[in-house]
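Student: Could you take me through this one? I'd like to see how you reason from the model.

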Amino acid sequence: VLGQMLGAGESPDSQDHSWFVRVALISPYSWNYPGGVLRHVEALHRELVAAGHEAQIFAPVDPNDARNARLHGGAEAQEREVPEWVTPMGRTVGIPSNGAVSNLSLSPQAASDLRHALATGGFDVVHLHEPVNPLLGWDTLMSCDLPMVGTFHCYSTSRISNNVSSLPAADCSQLSVNNQEGSTASIGFWHNKNGQALIQHL
């Protein structure tokens, strides 16, 4: 499907492997406080690589130090190896949200670094997880012109948080979201003809 979306190669069954793509997987959540979303991103990476594609995860990385403990209310970061296929995107701050704590990067420098990586990394498609979470999701929505897929993992009934989170998507045209009340992991495609072609294909 990715090959057809990008117009490369005839089909996954073809002997021509030019349909393989380079995918940027963006997680707003800390690599060192892994939860369901990050596990999902890691699983996607494994499957993409197994299928012969190239994939790179961009996620915040937190060292287990005194400053980090202060930023997360005393919660210790897990000691996890950062493999070469994970690009660190700054530290995170523990933010109470939707009945849990979201460990998100609020660093403008991390957002700038991500912009540069997406602009120069030769990626064919960006898979943005939790697109409306600050700050990495917001900035990517507003600045990235690559074909983009968004996965919304959470569900909220809060009018305040929903309205605030939707502000960065105000300029995103041709947004298509399959969302049902109470559901998770809806998919959206933003402001690019390739995304719309994929919607029609599906």
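Tutor: Some ground rules: helices (H or I, at least four residues) and strands (E, at least two) are DSSP runs, numbered from the N terminus. The model is predicted, so local features need pLDDT of at least 70 and side-chain atom pairs pLDDT 80 or more, while totals for chains, interfaces and linings use all residues. Residues are numbered from 1 along each chain as its sequence is written, and side-chain values use heavy atoms, leaving out hydrogens and water.

Student: Where is Asn133 found?

Tutor: Look past the strand that covers 125-129 and stop before the helix at 136-143. Asn133 is found in the loop between β6 and α5.

Student: Is Asn133 buried or exposed?

Tutor: Buried means under 20% relative accessible area, exposed over 50%, partly exposed in between (1.4 Å probe, protein chains only). Asn133 has a relative accessible area of 11%, so it is buried.

Student: How are the rings of Trp31 and Trp85 arranged?

Tutor: Rings of Phe, Tyr and Trp (its six-membered ring) pair if their centres lie within 6.5 Å; planes under 30 degrees apart are stacked, over 60 edge-to-face, the rest tilted. Here the centres are 6.1 Å apart and the planes at 80 degrees, so the pair of Trp31 and Trp85 is edge-to-face.

Student: Which residue lies over the face of Trp31?

Tutor: A charge sits over a ring if NZ of Lys or CZ of Arg is within 6 Å of the ring centre and within 35 degrees of the ring normal. At 4.0 Å from the ring centre of Trp31, the residue is Arg80.
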